[in-house]
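Thank you for making the time this morning. I would like to walk you through one model, and I will begin once it is up on the screen.

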Amino acid sequence: TVVDDLGKNFDTGVLNTADADQVLNFFRNTRLGGVELPRIVDMLYETQARVGRAGMNKVIEKGFKSGTMSMFVEAWINQGLLSNPATHMMNMVIGAANIVSQPVSQLTAATISKIPFANQVLGTEAVTYREAFGSMYGILAGLTKAFQVSLKAGVTGKSHWGGAKIDNYGMQHIAASSMGMEGTAMGLGLDYMGSLTRSSGRFLLMEDEFVKTVASEMQKHSLAWKYAYGNGIGSKQQKELYKLIIDNPEEYKVRIGKTDYAMEDQIKEMADLVTFQRETGKMANYVSSLGVQYPLLKLGVPFVKVLANIPKYTVQHSPLGMVFQNKEFKRGGSARMLEYGRMAYGSMMMWYGAQMYQNGQMTGSGPREYWKSINAQQTGVVPPRSYKLKPANAKSNQAYWLDISRFSPYSNLLMMGADIS
């Protein structure tokens, strides 16, 4: 495979040449990776300045594949990136915002459907207000099950829905099996240390299981309402059919455009959408596989699937969705109308960001280069990607700037509006 070829045939001597400087310089100045990639490369530059090219060569050559590096990365992700309670709070807030965006988008799509000739012009089928009300009811109905599924994931460490935000979740490097100490007292101690180290990742899994379960119940009730009221005759039969679908969704299909799709697949897609865990393309899968073989790469991209899906979610909820059409848009029918609703919802957020920028309540995205951005904050200049927050009981001169860059993808939509403005 390509990964094996890179490991067996890659000439590490290239790292000692001027070509390495050119590659580092390119990534240091690129705008493609946001602020994170240039920041990491800037650290590599500093390391190279201290130990020289030969030293960098040795660090990368030994660190890319060592078991010790895998342990370090596992500890760094769990106890470094995920140990801050604010990270878990933001994860839940964004998950809740993603869930709420679904009925709002459905209401918007249903309103567009009411415009005369809209469906004929757009090549869509109507989305009904009933679907949005079903989603709202499903959110409340799913809370009890969400707590149960989340607690079970916390106890067992296994996902009910499959998949997790941490790439290759379930691989245990700080464990007796990794050190050949199984069945020994030292091995038991190592397993215990590993389980404590991975506790932050376990909490992240619990949060995502909660969000996924609520989203799945939301989608299930929405589809059940749509199917029952479209196929039932009379209110009594509609109610009975609705209950049957809720209890046995795997037995029903939903027609979108001219094709029937399994209702269970639609429910799973929604659960993955709101947690940024939808299937990724070849490039993201390749980067993820590289992280298994070369643990050092995870220091730069620990959550490949999430980083690949957030931009897609942003595009899906912006006018760019008409240019970069996703599979839901291409299905046509009511799915395409819902995509128009999502675009309209995201466009309203962009308009709101533009208004806040004009009123001095928000800054634009600012420079993409990390060192320029951080320099602006350290020198007292109004920080980029920030919202002016004023506590309810504060005086007019006590407002302060709050960095909202981590509130992706909604901060992305707001910043797009601010930048355009």
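I will go through the helix packing, then the cavities, and then a few single residues.

Please keep in mind throughout that this is a predicted model, and that what I quote comes from computation on it.

Let me start with the packing of helices. Two packed helices are described by the angle between their axes and the distance between those axes, and I will give both for each pair. Helix α19, which covers residues 410-420, serves as a good starting point, and its first partner here is α15, residues 304-316: the two axes come within 9 Å and cross at roughly 50°. Because of that angle, α15 counts as oblique to α19, and the crossing is right-handed. On the α15 side the contact involves Ile310, Tyr313 and Thr314, and on the α19 side it involves Tyr410, Asn412, Leu413 and Met416. Sorted by class, that contact holds five nonpolar and two polar residues, with no charged residue.

The second partner of α19 is α17, and here the axes come within 7 Å and cross at roughly 55°, so that α17 too is oblique to α19. This crossing is right-handed as well. From α17 the contact takes in Tyr345, Gly346, Met349, Met350, Tyr352, Gly353, Ala354, Met356 and Tyr357, while α19 brings Tyr410, Leu413, Leu414, Met416, Gly417, Ala418 and Ile420. The class count for this contact is 13 nonpolar and three polar residues, again with no charged residue. If you place the two lists side by side, you will find Tyr410, Leu413 and Met416 of α19 in the contact with α15 and also in the contact with α17.

The third pair is α11 with α13, whose axes lie 8 Å apart at an angle of about 140°, which makes α11 oblique to α13. Once more, the crossing is right-handed. The residues of α11 that take part are Val211, Lys212, Ala215, Ser216, Met218, Gln219, Lys220 and Leu223, and they meet Met263, Gln266, Ile267, Met270, Ala271, Asp272 and Val274 in α13. Here charged residues do appear, for the contact divides into nine nonpolar, three polar and three charged.

Now to the interior space. How many cavities of 30 Å³ or more does the model hold? The count is four, and I will describe two of them.

The largest has a volume of about 300 Å³. It is lined by 22 residues, and those closest to its centre are Gln102, Gln219, Ile256, Gln266 and Leu338. The elements that each give two or more residues to this lining are α5 (85-113), α11 (199-231), β1 (253-256), α13 (263-274), α16 (327-331) and α17 (333-358). Which of these gives the most? That is α17, with five residues. By class the lining has eight nonpolar, six polar and eight charged residues. I would also point out that Gln219 and Gln266, which are listed close to the centre of this cavity, belong to the contact of α11 with α13.

The second largest cavity holds about 40 Å³ of space. Its lining consists of Asn98, Ser101, Gln102, Ser105, Met270, Leu273, Val274, Tyr313, His317 and Arg342. Two or more of these residues come from each of α5 and α13, and α5 gives the most, with four. The lining divides into four nonpolar, five polar and one charged. Tyr313, which you have just heard in this lining, is also one of the α15 residues that meet α19.

Finally, a few single positions. Most residues other than glycine have a negative phi, and most peptide bonds are trans. Against that background, the bond from Ser408 to Pro409 is cis, with omega near 10°, and Pro409 sits in the loop between β4 (400-403) and α19. Phe117 has a positive phi, near 65°, and lies in the loop between α5 and α6 (118-122).

The last residue is Met206 in helix α11. Leaving aside residues up to four places away in sequence, Met206 touches Ser150, Leu151, Ala153 and Gly154. Met206 and Lys158, although 48 residues apart in sequence, have C-alpha atoms 9.4 Å apart in space.

That is where I will stop, and I am glad to go back to any of these sites on the screen.

Conventions
Residues numbered from 1 in each chain as written. Predicted model: local features only at pLDDT ≥ 70, side-chain atom pairs only at ≥ 80, totals over all residues. Heavy atoms only, no water. Axes fitted to C-alpha atoms, helices over the stretch in contact; angles between N-to-C directions. Parallel < 35°, antiparallel > 145°, perpendicular 65-115°, else oblique. Left-handed = near helix turned anticlockwise from the far one by under 90°. Contact = heavy atoms within 4.5 Å. Nonpolar A, V, L, I, M, F, W, Y, C, P; charged D, E, K, R; others polar. 1 Å grid on protein atoms, 1.4 Å probe; cavity = no way out; pocket = protein on both sides within 12 Å on 5 of 7 lines; lining within 4 Å. Points joined across faces, edges and corners; volume = space filled by probe spheres on them.
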